[in-house]
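Let's take a walk through this one together, from the overall layout down to a few backbone oddities. Have the viewer open and follow along.

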Amino acid sequence: MFSKILIANRGEIACRVIKTAQENGIKTVAVYSDADSTARHVRLADEAHHIGGAEASASYLRPDVILEVAIRTGAQAIHPGYGFLSENAEFSEACAKAGIVFIGPSADSIRSMGLKDRAKEIMEKAGVPVVPGYRGADQTPKILQAEADGIGYPVLIKAVAGGGGKGMRLVEAAEDFISSLESCQREAQAAFGNAHVLIEKYLTKPRHIEVQVFGDSFGEAVYLYERDCSLQRRHQKVVEEAPAPGLSDKMRKAMGDAAVQAAKAIGYCGAGTIEFIVDVTQGLEDAPFYFMEMNTRLQVEHPVTELITGQDLVDWQLRIAAGEPLPLAQADIPLIGHAFEVRLYAEDPENNFMPQTGRISHFSGPEESTHFRLDTGVEQGDEVSIYYDPMIAKLIVWDRDREGALRQMSRALEHTAVAGLKTNLEFLGNIIDHPAFAKADLDTGFIERFRDDLMPQGKQADHATLALAAMAELEPHMVGRDPWDWSDGWRMNLDLSTHLTFIDREQHREVMVSYQQDAFKLVIEEAELTVRVLRHEGTDLDITVDGHKVSATVIQNGQDFTIFHGSTVSHLHHYLPGAEGEDEAGGSGVITTPMPGKVTQVMVALGDQVEQGQPLMILEAMKMEHTIKAQVTGTVEGLALAAGDQVTDGEILIRIVEAEE
Ligand code: ADP
């Protein structure tokens, strides 16, 4: 076994690999870009080396620099994680040449599976079923159209070099073929430098079921069962589970055997995934399944396999790369219980799932246990930058059966809170709690079909949530428990009442609060509520509203509240007349962001003369527009932002050099 390895990756997967390496007493070398000098993977590794600029192409995608670090630090092997260089045949080759073990398959295997047409050809020869279609060399539009007509619509045009859902076009009718072909080729050329396409039958009700395989250097291969990744949004996985619900043992074995056959066909060594598409128009029982592609690396969703088999797949990878045989024979691989994984993303579902950047001002979740695992590359206080994938963490649960695992996930999501940027947390909760999901009524169209149920409702905060915000706001201002003692500025007037205004999705919501005997009386939109505070510790707030207990996580950042209550997430801003709008400009000519947000408009350009008080740009934060005005008269000398840019708290927006008097 190795004594020291380098991890050529970042984020959660780098942390994940480091964990297993350290458990095995293997020293770890992290590499990092300018944007990651204090990232979690750097903090966890035994040593860390800077490899270049924030852009991936200047750091994590630099084989030469990474290899040089490996040689210099005496690392015997490199784990590439997923993404970045993990499926780069030249890198695998360069490692071999430098005498460093690439923890992954050979360059030949990567190449065989790298292009979708070649991969399908190899699989077909090996007797693995593939989706009917055209994979010819002739790319004349006329020929392609004739082939598509022959297959019968709908068809899917796929770039052979495509990946990550890019370079695919669904064509419903013959007359749309040519325009879709052209747009697909343009995208493929731009993204992959290869415009070659294949055409296949589009299955209208498919499930994505993939099989985890492992091969060793002795020519043996086994499968570690399947994962169902049918819950996708725009062909990208959102929720994964293992085993695939409803899959019979017979079909599990048939798919597993086909996957092993596929791995053996290319003499595969290491961890790989054979993705199948299953036509479930007639149900899952004996449904036809077809090879789609092979991913020659560890997958994002590998933890669900680990939880149902009790195996550590990174440990398997390390052993096999070190030349050991497969740790278990096929018959000895257990399959126990059920596991789910959800991908928690910094993105805004209400704004077309736009990626979000910024500082994670709060991140809390359940304790890890046999039922719950958290794989993350960030902690509270860390940044989600514009440079990399905005996945914050993976939440993974296990239980004895699917129903139990669903309950575990529902609970895990309810007890997870992230503030500072928007996430898909509520969207994930809506999927997990959806009745059709509980029934495992799955296919890749699920999210689109139930879109209206799954989208965070865009609803205004309910009264209980407003009551939580009001209590969170008022409570710290109390000196002791008696409201008569409330400190200055918050001292209620003689009749012991005050009123708070919250901005909730651009609407003002008024909350009248008065204290009567031992409870608060709240009046919200003519409803009267009796509220008592049971407990307020850190971000945990428990109150009763008309005798009903309401528990929430309330994160306060200045006047902004993020409230996690049940499966809903609400953003409220405590409006203080006089403190808003005008004060946003900084004192000097340097203006920084008052809060994380998005620049929606820039009204000035570099070199412009501006007058004090002149509007410079509009920032959207917390769904509100904030006009940033010049605090001084002068010239715009620093301006690096454009409309659409995300800005973090305290970032410099604009610099104005004051005009000489
Ligand atoms: P990528 O390499 O970009 O991830 P894949 O070939 O793996 O592309 O396909 C991604 C997803 O697209 C699949 O999981 C499935 O949801 C959908 N898909 C692919 N091929 C078909 C098909 N023939 N019919 C219907 N859906 C398909």
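Into which domains is the protein divided? Keep in mind as we go that this is a predicted model. Going along the chain, you get domain 1 (4-103), domain 2 (132-201) and domain 3 (206-336), followed by domain 4 (345-455), domain 5 (463-574) and domain 6 (590-658).

Let's start with the pairing of domain 1 and domain 3. Their centres, taken over C-alpha atoms, are 25 Å apart, and the contact draws on 17 residues from domain 1 and 16 residues from domain 3. The size of an interface is often given as the accessible area lost when the parts come together. For domain 1 and domain 3, that buried area is about 1,200 Å², with carbon and sulfur atoms giving 59% of it. If you want to know where to look on the domain 1 side, pick R16, Y82 and E87: these lose the most area to domain 3, and together they make up 41% of what that side buries.

What about the polar side of this interface? Between domain 1 and domain 3 there are 3 salt bridges, and 8 residue pairs are in polar contact across the interface, both residues at pLDDT 80 or more. Helix α1 (residues 11-23) supplies 6 residues, the largest share of the domain 1 side that touches domain 3. Sorted by class, that side of domain 1 has 8 nonpolar, 6 polar and 3 charged residues. R16 deserves a second look here, being one of the residues that lose the most area to domain 3: its side chain also meets that of D312 in a salt bridge, at 2.7 Å from N to O.

Now turn to the ligand. Which residues are the closest to the ligand? There are 22 residues surrounding it, and the closest are K116, G165, K201, H208 and Q232. Some of these come with a specific atom pair. K201 uses its backbone, placing an N or O atom 2.9 Å from a nitrogen atom of the ligand. H208 brings a polar side-chain atom to 2.7 Å from an oxygen atom of the ligand, and Q232 likewise has a polar side-chain atom 2.7 Å from a ligand oxygen.

K116 is also worth following away from the ligand. The structure holds 45 salt bridges, and one of them joins the side chains of K116 and E293, at 3.1 Å from N to O. This pair links distant parts of the chain: K116 belongs to helix α6 (residues 116-125) and E293 to strand β14 (residues 289-295), 177 residues apart.

Finally, the backbone. Most residues other than glycine have a negative phi, and most peptide bonds are trans. Against that background, a few spots are worth clicking on. The peptide bond from Y153 to P154 is cis, with omega near 0°, and P154 sits in the loop between α7 (141-151) and β7 (155-163). Another cis bond runs from A242 to P243, with omega near -10°; P243 is in the loop between β12 (236-242) and α9 (249-265). Then there is H235, which is not a glycine yet has a positive phi of about 65°. You'll find H235 in the loop between β11 (221-233) and β12.

Note on methods: Residues are numbered from 1 along each chain as its sequence is written. This is a predicted model: local features need pLDDT of at least 70, side-chain atom pairs count only at pLDDT 80 or more; totals for chains, interfaces and linings use all residues. Side-chain values use heavy atoms; hydrogens and water are left out. Domain bounds come from an automatic or database domain assignment. Contact means heavy atoms within 4.5 Å. Buried area is the accessible area (1.4 Å probe) that two parts lose on being put together, summed over both. A salt bridge is a side-chain nitrogen of Lys or Arg within 4 Å of a carboxyl oxygen of Asp or Glu. A polar contact is a pair of N or O atoms within 3.5 Å; within protein, one must be able to donate a hydrogen and the other to accept it, and residues adjacent in sequence count only if both atoms are side-chain atoms. Helices (H or I, at least four residues) and strands (E, at least two) are DSSP runs, numbered from the N terminus. Ala, Val, Leu, Ile, Met, Phe, Trp, Tyr, Cys and Pro count as nonpolar, Asp, Glu, Lys and Arg as charged, and the others, Gly among them, as polar. A residue is near a molecule or strand if one of its heavy atoms lies within 4 Å of it.
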